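Visitor: Please take a close look at one part of this model. I should then like a connected account of other sites.

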Amino acid sequence: MPAAFEVLWLDPVEKLDSAMRARLGEAGLRVVVVSTLDELNAMLRRVHMVVVRLFEDGCLLAKVRGLIAENMLDLPVVCRTDRGALELAVAAMRNGAKHVVAADDWNVGSWTHVQSLMAPVKAQPQTFVFADPVSQKLLVLAQRVAQAEVTTLLTGPTGAGKEVLARILHESSPRRTGPFVGLNCAAMPESMIEDMLFGHEKGAFTGALKDYSGVFEQAAGGTLFLDEIGEMPIRLQAKLLRVLQERQLTRLGAQTQVNVDVRLVAATNRDLKAAIESRDFREDLYFRISTFRLRLPCLAERPLDIMPLAQLMLDTHGAERRPWTITADAEALLRTHAWPGNVRELSNVMQRALVLSHSSLITAAHLSFDEFGVLDNSSAENRVPLSAAAAVDARGPDLDSAVRVSQHRAILAALRAASSRNEAARVLGISPRTLRYKLAQLKDHGFTLAMAETA
Ligand SMILES: Nc1ncnc2c1ncn2[C@@H]1O[C@H](COP(=O)(O)OP(=O)(O)OP(=O)(O)O)[C@@H](O)[C@H]1O
Ligand SMILES: [Mg+2]
């Protein structure tokens, strides 16, 4: 029997009885049943997979995937749907489900298949490229800083590898056997960030059905990575500062304090000095989190990383067609491109090339670069990569990517017309934080807005 996989099981209507549980056990799945999204959220970090029962519109899948993203996890979600609900099953696959199983399917073979889908994800080793002398120097410095355990601030342009470096700081530190827990401060409303950071006691607010430990407690003995710290609301900045100074925190609704035992690594691509001047960021917090600062150079500043990274992306995303050959004309394009979207852009370009090439050869014809000509939306360069990016969504032109493309257009138009980002947000009817978050989401789907980001 394969090694047991821990599975979170959410089914709002049907109880899992011992016979069903035994069949899942035979398939190598150890099931933890939860009944609310709150409970699910609290358990996400302890499992390998989430199984949800979907009804009607399937919105539960989006909620669960949202929680997984907010926790910065990469957990597969398997959906269970009624046998007749074919459209729901298809929509679930389009919306990111790893697999769909009929709700009355207790066949050990079906669930062994589900288990086998998960195995390679877990086994994939993380590999990083630090080939250019500039990167090598940074890596050596990071490894030294890791030993010192000091609070570290990572700065650098979007897609340059701040999260990668945060993980390296953890892996090279004396805390490497402890947990690495990340939280993205841009992705959530203020009350939710507060809860995720500091946790709560049962009954602290309506819906707080159980005690919940925040990321500070979850990361005890390890590293806490606060991503996009520049987006943290100002009131929470004060609270965070207090916790860092006192090294103690009080969960919401609790009487007693808990000791804080984390190494803090924070990251931002915002200019925090400017944010301090505009009173969006507290200066005292800045000094507290930046005992050591590491700056990630943009990819163009470390050109000898480009080809090894391109090869790594091909091996990672197209393992079945190895070994890959990049022709001389493609290499020339890769080496001379400016890479405003940095390593993430390179990753997007290579994943598109994998879709376009039907052999293990990558030529210049397979390379389509991200879009940056946002100042002239009508230009040909602007239109071509847009459709290329949408096409990479290998599932075809589904509703999801259509929505993304039109969101992208609306945001571009607003940014072009407005004199500042805040004004663009007003025009779009969303907050500046939401706009930043939407831009980040679009970026993750291969749309890059470098020109707009200077606004
Ligand atoms: N040195 C590296 N080796 C291999 N992959 C890398 C490296 N640096 C970055 N990547 C990959 O590039 C992508 C972007 O990296 P990462 O998320 O760390 O960037 P970031 O600086 O945090 O970006 P953002 O500011 O947008 O959050 C990821 O897919 C990551 O795995
Ligand atoms: Mg990041």
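**Helix α8 and the ligand shell**

Guide: The buried residues of α8 are covered by elements including β7 (180-184), α9 (215-218), α10 (234-246) and β9 (248-249). Cover here rests on contact, meaning C-beta atoms, placed from the backbone, within 7 Å. This is a predicted model, in which local features need pLDDT of at least 70, side-chain atom pairs count only at pLDDT 80 or more, and totals for chains, interfaces and linings use all residues. Residues are numbered from 1 along each chain as its sequence is written, while chains are lettered from A and ligands numbered from 1 in the order in which they are written. Helices (H or I, at least four residues) and strands (E, at least two) are DSSP runs, numbered from the N terminus.

Within α8 (residues 190-198), the buried residues are I193, D195, M196, L197 and F198. Buried denotes 20 or more other C-beta atoms within 10 Å of the residue's own, exposed 12 or fewer, and partly exposed in between, with C-beta atoms placed from the backbone. Directly after α8, G199 has a positive phi of about 80 degrees.

Turning to ligand 1, 17 residues surround it, of which F128, G161, K162, E163 and V343 come nearest; near means a C-beta atom, placed from the backbone, within 6 Å. Two or more shell residues come from each of α7 (162-171), α13 (306-317) and α15 (342-356). Ligand 1 lies between domain 2 (133-297) and domain 3 (301-453), because both give residues to its shell; the domain bounds come from an automatic or database assignment.

Helix α13 also holds D315, which is partly exposed, with 15 other C-beta atoms within 10 Å. Beyond neighbours within four places in sequence, D315 is in contact with R322 and W324.

Key:
Two residues are in contact if their C-beta atoms, placed from the backbone, lie within 7 Å.
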